[in-house]
Each structure stands twice: as C-alpha cells, then as structure tokens.
Amino acid sequence: MSTHASDPLAALGSLPGVADAVDSVRKAVDRVYGHRVMRRRSNEISSEAALRGARGSAALSGADWALEEVRRRTDFSADAEARTVGAALRLGAEAGQLLSIWRQSPMRVLARLHLVAAGDPGESVGRPRLDGETVDEPLIEALVPTPSEVAGRLDGLAELIVAGGEAPALVTAAVVHGELLALRPFTSYNGLVARAAERIALVGSGLDPKAICPAEVGHAEQGRAAYLAAFEGYLSGTPEGVGAWIAHCGRSVELGVRESTAVCEALQRGAA
C-alpha cells in the first residue's frame, strides 16, 4: 500500500469500486442489525458468527472442515489441520477481548493474536520474526519481506490505526488484512492472524459492534483462488488492484451478513 495523501486510508476511498463497496456493505450490515431476532438474541448470533468465521478462516489456511465437525470436536491437537482449526477458534474467542487495546496499541494486539493462535509460548511466538527465521504460510507464495521491512511497515500501519481518520471501516479493515498477509510478520499462522485483525478492525470501528458479520465466511465462500487473485491486486499497489482487494473484502463482509441473516431466520423459525 502506498499513497502520499495526508490521510492515506481515507484517500483509498476514491479508488475504483471502493465507494460502491463501502455503500453496499453499510446497507447490508444495517439490514441484519435491523432483524427482529437481533433485539432479543444477539449474543447467540455473535457466538454463531464467531464459530462460522473460525471455520471459514481455517478453510482458507488449508483445514476445510464441515461446520458440524468444527462444532463437535473437542480435541484440536491431533494433526496440522486440527491445530489450524483450534487456532482459528481460539482467535475468534479472543478477538472480542482485545477491542479496547486495538486503537491504542495495535502491535500488542497482533502479538497477542499470534500467541493465542500458536497456543504455546515458543521462542518465536508473539513477536515479529527475526533474520534467519522462516515463515510457515503455505497459502501465500509471494516474496517474504525482510524483518527490517516488516518492522517499518508494521510501524506505519500501527500509526495509521492509532491516528484514526476519516477512512470507512471497510477500507481500514481491508488494508489491515492485506498488509498482514503481505508482510507475514510472524513465523506461523499469519493468515489466521490477518483475518482476525480484519474482524477486530470491523468491530472496533463501530460498523459491526456486535461481531455478527463474519468476513471470514465470505472469504472462504468466494474460494481460495479468488482470495489469492484479489490479494495479488493488493500486492501490486496499483489503484485498480488495491481497489479490487477492498471490494473483495466488502463482498466477503456481505456474504458474512448473509450467513448471519440465515442464522437469524433459523432462530426465528425455532430451527437453529
């Protein structure tokens, strides 16, 4: 991401397709928040959204389990796929606890997310990687930035988050997600952390305060190929590419809204 505007994130709102995506997402979110079930059972919707979001995020990281399998299992240590699903579930549960810290110290939040995902306090856990440390992120094949580049860009991202500004929530969340995927700052679980951070940005901005619009569901529903193609656009740094990535993230939020709307409808029928 590169721009020389005084408010870089706000400037992204003028990229091709972004204004339409922002408007479409806002309307979709408003509709699900207006559902009659939300007045009485929003906590149930939030819990279900966290579960389904975790399933979607894990699927993008190579552990594509059926929802009922994720719901049923209690042991997530058997193999790499199980550990990925367990990490996604832990991140979904932890994200809501970090909102108050996000705008003051996003780096602390990212470090905590990696620690939660990894599940053990290993030597490389909970901090950006150092020279000589490798990255285990099979989905993303783009060139891995050096630790010094990671440090500089993370500092810049943190400054933008702390400063706030006028950027729409979707734009900020998409940039957080894209930058973390591009940087892969940790030795493992970068994709899961990036998607959890996107969720925190959407919730913390006030767009989705009850965390009922799981973008991870939409990212998974659109498929890994579409996800990677959109991410390549972000990596290109071109206005068209970055705009397409933000629009892709917007569509993912809308699909998450559709999922939660279906949950609302099922609860209303007494069938959930």
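**Inside a predicted helical model**

Ser-46 sits in helix α3, in a model that is predicted. With a relative accessible area of 18%, Ser-46 comes in under the 20% cut-off and so counts as buried. Once its neighbours within four places in sequence are set aside, Ser-46 is in contact with Lys-210, Ala-211 and Ile-212.

One of those partners, Ala-211, has something odd about its backbone: the phi is positive, about 55°, even though Ala-211 is not a glycine. Ala-211 is found in the loop between α10 and α11, and at a relative accessible area of 16% Ala-211 is buried as well. Arg-184 is another non-glycine residue with a positive phi, in this case about 45°. Its place is the loop between α9 and α10. Arg-184 is buried, and its relative accessible area is just 1%.

Next comes helix α11, which spans residues 215-222 and is mostly covered, with 6 of its 8 residues buried. The buried ones are Ala-215, Glu-216, Val-217, Gly-218, His-219 and Ala-220. What covers them? The cover over the buried residues of α11 includes α3, α9, α10, α12 and α13. Right after α11 comes Gly-223, with a positive phi near 95°.

On to the nonpolar interior. The largest nonpolar core has 84 residues, and Trp-102, Leu-110, Leu-113, Trp-245 and Val-253 are the ones with the most contacts inside it. Helix α9, residues 169-183, gives this core its largest share, 11 residues. Leu-110 shows what such a spot looks like up close: leaving out residues up to four places away in sequence, Leu-110 touches Trp-102, Leu-154, Leu-180, Phe-186, Val-193 and Ala-197.

Trp-245, named above for its contacts in the core, also turns up among the aromatic rings. The structure holds 4 aromatic pairs. One of them is Trp-65 with Phe-76, a stacked pair at 6.4 Å centre to centre and 25° between the planes. This pair links distant parts of the chain: Trp-65 lies in the loop between α3 (38-60) and α4 (67-72), while Phe-76 lies in the loop between α4 and α5 (80-95), 11 residues apart. Trp-65 counts as buried because its relative accessibility is 10%, and Phe-76 counts as buried at 18%.

Another pair brings in Trp-245 together with Phe-231. Their ring centres are 6.1 Å apart and their planes stand at 65°, so this pair is edge-to-face. Phe-231 belongs to helix α12 (residues 224-236) and Trp-245 to helix α13 (residues 239-269), so the pair ties together parts that are 14 residues apart in sequence. Phe-231 and Trp-245 are both buried. They also have company, since one aromatic cluster is formed by Tyr-227, Phe-231, Tyr-234 and Trp-245.

What about empty space? The structure holds 1 cavity of 30 Å³ or more, and the largest cavity takes in about 90 Å³ of space. Its lining is made up of 13 residues, with Ala-88, Leu-91, Gly-92, Ala-196 and Glu-216 lying nearest the centre. Helices α3, α5 and α10 (190-204) are the elements that give two or more residues to this lining. Glu-216, one of the residues nearest the cavity centre, is also one of the buried residues of α11. Sorted by class, the cavity lining comes out as 7 nonpolar, 3 polar and 3 charged residues.

The largest pocket, by contrast with a cavity, is an open set of points. About 280 Å³ of space lies in it. Around this pocket are 14 lining residues, and Ser-61, Thr-84, Asp-136, Pro-138 and Tyr-189 lie nearest its centre. Which element gives the largest share of the pocket lining? That is α5, with 4 residues. The lining of the largest pocket has 6 nonpolar, 4 polar and 4 charged residues. Helix α5 thus has a part in both places: α5 gives two or more residues to the cavity lining, and α5 provides the largest share of the pocket lining.

Terms used
Residues numbered from 1 in each chain as written. Predicted model: local features only at pLDDT ≥ 70, side-chain atom pairs only at ≥ 80, totals over all residues. Heavy atoms only, no water. Phe/Tyr/Trp six-rings, centres within 6.5 Å; stacked < 30°, edge-to-face > 60°. Buried < 20%, exposed > 50% of the residue type's maximum accessible area, 1.4 Å probe, protein only. 1 Å grid on protein atoms, 1.4 Å probe; cavity = no way out; pocket = protein on both sides within 12 Å on 5 of 7 lines; lining within 4 Å. Points joined across faces, edges and corners; volume = space filled by probe spheres on them. Nonpolar A, V, L, I, M, F, W, Y, C, P; charged D, E, K, R; others polar. Core = buried A, V, L, I, M, F, W, Y, C linked by side-chain atoms within 4.5 Å. Contact = heavy atoms within 4.5 Å.
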